[in-house]
Amino acid sequence: MDPLDTHPIFSLPRTATGPLNDARNWLELSTSTLPNFTHVSPTDDEPAPSGRRQVMVLRDSDLIVAAGKELRITHLGDTKISQSTQKQYKTLHVPNVQFDIHQIVFNPSGKLLAVAGAFQVAVIVLPRPGFSRLVPDTLDCKSIQVGQYHHASTSSPPIAKIDWHPWGEAGTTLLVMTIDGKLREYDIAVDAEDPQQLLTFVSDKKSGKSFVDEDPDDRQVASFVLGKGRADWGPLTIYAVMKSGDIYSICPYMPRNASVPAAYVHSLECFISAKRELLSQGNTSSASKNLNIIYDHQQKYVAALVKQLPASAIFPTSSRNVSLHAPSTIKVSPSRQGPFLLQPSPRILENSEGGAATDIVYLSFGEGYDDDEGSETEHLGVVMVVYQDGRVDVCLDVEKVEARWDNKALTTELPMLAVYETIDLGLISQLSSTSASGEMLALLEANYPVFMVDPIHDDALYIYHAFGVHALHLGSVLESLTVALKADDNDVDEALTKALQKSSTTNVHMILSTLSVEKKCSNPVIAVTIPDNVYLTYSIFILTSAMRITTFNLVLRSESPKSRPVDLPTIDEPAESSLQDRNKWLKPLEGPPPFISILRDTFEIPDILSRPSGLPSNPRLSLPQSAKGEFVLTPDSLRYLATTVTQMSNQIRDAQFAHRDSVNRASLLREELNNICLKAGELQRRLQRLNGAGAIAVRTKIQRTQDRHKDLMTRLDRMLQHMMDQASPELSEHETKWFEELKRMKQELIGSGQYDGDSLVARAALLQREYDRILPELKTLLEKERSWKAKHAQRDSGLGVSQAFEIGKRSTLEQARIHELQDNITRLASKLEVPLGAPPASEAD
């Protein structure tokens, strides 16, 4: 794809071309412009990129960029096909959007676009894919403002995040979270003014005379995320992170009008049934009683969902989505669970005074390394929280949240997240190196890191912030945990302990830097997007506040399963299965082995050479416009150059070491190949010698041995018969009686002749003919009896007690006689080994 930095869609908005010719006044983050990035006012929404920013999205090949109050759209497919095509874009004319756009999000169908400013929200109907062929440069689009009463007044709280619910019916369910902890659900197809549901993540303040020292960040929501899962409560859970770092959740939550996979509802029902059955086998303590109450509520909730399923949604074959409504059988509202206990406590970064949490993400590795084996990590969830100072907490969701409702009688424990590691993005050291006095650390107040998950690889994600972009790869962490979860049930705890002690960490490296050491300013990154369309190159697009675009080509990984050293047997210790398959007669000779490999250790690719994503090892610079003038040497710039030179020198040295190790490994491989060829030649010569003239003599000797063996077996049979004749020359008295009894039974069964009518065979044939003769009449009588019963059923219902008793008594006697006759016939037929068909009553049934 052509570089997009010259595309007109990335030109500055009109607000930058007026009296503010110097874009540094509001686009660059520095100590002088810091108040513009931290101040948010509903009456003066400045274009400074404060708070959460995502102003660029991709719909297939259509790129949409928000520049101030403008929405621009272009088709990247035309640019890729014809390089000579003039680059242009269309402007979406949306009269309702009269605010600076901070966030834009597609709905699941890609037809609606939600846009949000600092305080207002609107939904726009996007044009059809063929918009690029239209002549006008401005396209009129339908739009509607969302919740003006809640989000358009001067007293409205700022918006923290907006997102579409993936299970909303027709993709019209929009979730709007404000920093006061109110999550409102709007169904655009029903009512865009009043929310369908309201969830509260911040409890009301209790009035009282006592003084409570409470941090204001404990009552301000930074972001939220939807949970994930397959056969648990994960998809019905919402996580919210406060600016203080506390994490809360609410479960269950389902859109008022939802489209849910039928298989998930059935799986959730089985999950709850299994937990109830497990609880019934335990003790009757108070804790189990509390769980029993909770499981009863969960059973009622899921039963209400199952009742809404159509008859065609049969488990487990049906995986299509069905329309459901949020159950209202439980009158109490779902309880807010939290704050989560983080065990062990996350590590505080060095030289950091702490920063507010800015974003949260939930990763679920449902499609991992071993899809064919059932994916042991399908229930493994990872919760990550990022802070202003560049700290990232990686937590494992080992005890998933379950549905709970408000009940003062129940004593609930706080949920827990296992902290796996704490990542330092290096922002503090980066800012400290630019200024000896440490004044640049104040810029962290305007830093708002945001997660961006790779749509293709679920173990890769990116964090963009005010000073650049970092790439995080969780492949090594996931691999170690997968190996531990694949262990036997008895060894899984020990395997997990070893995996945690091994300490496989997340691969983190910076791919873009927007901080100018010379000018001590930065252009914050305001958008990151990754195309998942086959017509576009797999790459990452990064946009800064100065509307400067940077692209990196990424590498698609192979779909083949990834082999791990732990799955392969070592060279000098063959696999146990191969030892069992060996012939027990082919025992190896004593002494040294016939072949010794020189490849003792497994070769690991050096880190400097292993870059599976294709991203550069050194971050690319995307400096502000003010830093493009004449370069001036300052102590800070010299210090930065010295650090960069040292880093590059270390990388060059690592590359040289890696090259030397690779060359040594290649020489070992060549020597090993030579040894294998020599051994193969030796084996081939030995095989030719065995198949030569000596092979004919061996075959002749084997044939002669086989013939001799046959003669010996014949002689052995004759000797055995001779010994039996000598031991018992005549039959004993019991053997004689037994043979006479067999002859008598044979004569009684077959008869003395072909026409003996007293033989059992003849009598059985006669019985079969009589049975076949009367069977049609019996069937006719049965049909008449059924019709008569149907005709007189109403009349017979009026019989007296004595009459009904007498008829029942006679019917019982006749039924007993019929059963006795059937048993006699069946017993006789079994003795004669004559097959019989089913009786008339059975055939009728």
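Exposed, in these legends, means over 50% relative accessible area, buried means under 20%, and partly exposed is anything in between. Keep in mind that the model is predicted.

**View 1. E733 and K737 pair up along helix α13.** Here's a salt bridge within one helix: the closest N and O atoms of E733 and K737 are 3.5 Å apart. The two residues sit four positions apart in helix α13 (residues 733-750), so about one helical turn separates them. With a relative accessible area of 55%, E733 counts as exposed because the cut-off is over 50%.

**View 2. K400 and D232 bridge two loops.** The side chains come together in a salt bridge at 3.2 Å, N to O. This one links distant parts of the chain, 168 residues apart: K400 belongs to the loop between β23 (391-397) and β24 (416-424), while D232 belongs to the loop between β14 (221-226) and β15 (238-242). D232 has a relative accessible area of just 6%, so it goes down as buried.

**View 3. R276 and D296 connect helices α5 and α6.** In this salt bridge the closest N and O atoms are 2.5 Å apart. R276 comes from helix α5 (residues 262-280) and D296 from helix α6 (residues 286-308), with their positions 20 residues apart in the chain. R276 is partly exposed at 30% relative accessibility, and D296 is partly exposed too, at 29%.

**View 4. K679, E682 and R686 make a network.** Salt bridges link these three residues together. For the wider picture, searching the whole structure turns up 17 salt bridges.

Note on methods
Residues are numbered from 1 along each chain as its sequence is written. This is a predicted model: local features need pLDDT of at least 70, side-chain atom pairs count only at pLDDT 80 or more; totals for chains, interfaces and linings use all residues. Side-chain values use heavy atoms; hydrogens and water are left out. A salt bridge is a side-chain nitrogen of Lys or Arg within 4 Å of a carboxyl oxygen of Asp or Glu. Buried means under 20% relative accessible area, exposed over 50%, partly exposed in between (1.4 Å probe, protein chains only).
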